[in-house]
Amino acid sequence: MQIGSLFPSSVALAKKMTDSLSWENINEAAELGAGTGVITKEIIRSMQPGTKLHVFEKDEEMRRKLYSQFPEISVYEDARDILRSINKSEGTLDAVFSGLPFANFTSNMRLEIVEEVYRSLRPGGVLIAFQYTTQMKKTFQHYFKTVDISFVPKNFPPAFVYICEK
């Protein structure tokens with residue numbers, strides 16, 4: 001239930017998630033459900049010097065691999081505790097990237113995570129999430145000012161990328 005796909009995300013999906021941002025305006029970001037680090041690698045490649053990245057991954061083995069692959073980042077366990085984990089107050093993150101498999105979670109867990117993401121973002125901050133369905137559209141629209149969805153066929157399985165602005 002914690003892993004969303006048996007296959008790592010494609011580079012095409014990672015680029016779609018990172019290419020739409022003005023990276024000069026991103027000082028602090030988080031990634032939720034980093035898995036094998038494909039998107040993490042693209043985020044780090046895109047970041048400006050001095051940008052801080054916080055990575056969340058529930059699976060202990062994957063967390064260890066992420067930390068060893070990217071020793072410059074902070075790695076945490078629970079995406080429901082973003083603000084407490086990074087020792088920040090509400091509204092401090094410029095961007096949150098998510099590869100969390102929301103379809104695998106209970107509705108309460110989905111809402112807990114979306115609310116935590118919303119609280120962690122500054123006004124104008126963005127959530128960029130990929131999903132394999134459009135199931136999260138109404139939930140994201142309930143919380144965010146704008147929700148744009150695009151389709152990435154060059155991923156297995158093909159994915160939808162949500163860009164949600166606070």
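Asn87 sits in the loop that links α4 (82–85) to β4 (93–98). The model is a predicted one. In it, the phi angle of Asn87 is near 55 degrees, a positive value for a residue that is not glycine. Most residues other than glycine have a negative phi, and most peptide bonds are trans. Asn87 has a relative accessible area of 70%. The cut-off for exposed is over 50%, so Asn87 is exposed.

A second loop position, Gly99, offers a contrast in accessibility. Gly99 lies between β4 and α5 (107–120), again in a loop. Its relative accessibility is 18%. Buried means under 20%, so Gly99 counts as buried. Along the sequence, Gly99 and Asn87 are 12 residues apart. In space, their C-alpha atoms are 22 Å apart. Leaving aside residues up to four places away in sequence, Gly99 touches Leu32, Gly33 and Phe130.

The peptide geometry of a further loop was examined next. The bond from Phe156 to Pro157 is cis. Its omega is near -5 degrees. Pro157 belongs to the loop between β6 (146–152) and β7 (159–165).

The overall architecture gives these local features their setting. The chain holds 6 helices and 7 strands. Read along the sequence, their order is α-β-α-β-α-β-α-β-α-β-α-β-β. The radius of gyration is 14 Å, close to the 15 Å that the globule rule gives for 166 residues. The chain is therefore as compact as a globular protein of that length. Along the principal axes, the C-alpha atoms fill a box of roughly 35 × 35 × 30 Å. Of the 166 residues, 47% count as buried. Contacts were also sorted by sequence separation. Among contacts with a separation of 6 or more, 69% come from residues 24 or more positions apart.

Helix packing was described for one pair, α1 and α2. Two packed helices are described by the angle between their axes and the distance between the axes. Helix α1 covers residues 11–18, and helix α2 covers residues 38–46. The two pack at an angle of about 45 degrees. Their axes are 9 Å apart. Angles under 35 degrees count as roughly parallel, and those from 65 to 115 as roughly perpendicular. The helices α1 and α2 are therefore oblique to each other. The crossing of α1 past α2 is right-handed. On the α1 side, the contact is made by Val11, Ala14, Lys15, Met17 and Thr18. On the α2 side, Val38, Ile39, Glu42, Ile43, Arg45 and Ser46 take part. Sorted by class, the contact has 6 nonpolar, 2 polar and 3 charged residues.

Another residue of helix α2 is Lys41. Its relative accessibility is 56%. Exposed means over 50%, so Lys41 counts as exposed. Lys41 and Phe70 are 29 residues apart in sequence. Their C-alpha atoms are 8.3 Å apart in space.

Helix α6 (residues 137–143) contains Lys137. Lys137 counts as partly exposed, at 37% relative accessibility. Lys137 and Val147 are separated by 10 residues in sequence and by 7.6 Å in space, C-alpha to C-alpha. With residues up to four places away in sequence left out, Lys137 touches Ile149 and Tyr162.

Strand β7 includes Phe160. The relative accessibility of Phe160 is 21%. Buried requires a value under 20%, so Phe160 counts as partly exposed. The C-alpha atoms of Phe160 and Tyr132 are separated by 5.9 Å. Along the chain, Phe160 and Tyr132 are 28 residues apart. Residues up to four places away in sequence are again not counted in the contacts of Phe160. Phe160 touches Ala129, Phe130, Gln131, Tyr132, Thr133 and Thr134. Its contacts also include Ile149, Ser150 and Phe151. Phe130 is thus on the contact list of Phe160, and Phe130 is also touched by Gly99. Likewise, Ile149 is touched by Phe160 and by Lys137.

Definitions and conventions:
Residues are numbered from 1 along each chain as its sequence is written. This is a predicted model: local features need pLDDT of at least 70, side-chain atom pairs count only at pLDDT 80 or more; totals for chains, interfaces and linings use all residues. Side-chain values use heavy atoms; hydrogens and water are left out. Axes are lines fitted to C-alpha atoms, for helices over the stretch in contact, and angles run from 0 to 180 degrees between N-to-C directions. Helices (H or I, at least four residues) and strands (E, at least two) are DSSP runs, numbered from the N terminus. Angles under 35 degrees count as roughly parallel, over 145 as roughly antiparallel, 65 to 115 as roughly perpendicular and the rest as oblique. A crossing is left-handed if the near helix is turned anticlockwise from the far one by less than a right angle, and right-handed if clockwise. Contact means heavy atoms within 4.5 Å. Ala, Val, Leu, Ile, Met, Phe, Trp, Tyr, Cys and Pro count as nonpolar, Asp, Glu, Lys and Arg as charged, and the others, Gly among them, as polar. Buried means under 20% relative accessible area, exposed over 50%, partly exposed in between (1.4 Å probe, protein chains only). The radius of gyration is taken over C-alpha atoms; the globule rule is 2.2 Å times the number of residues to the power 0.38.
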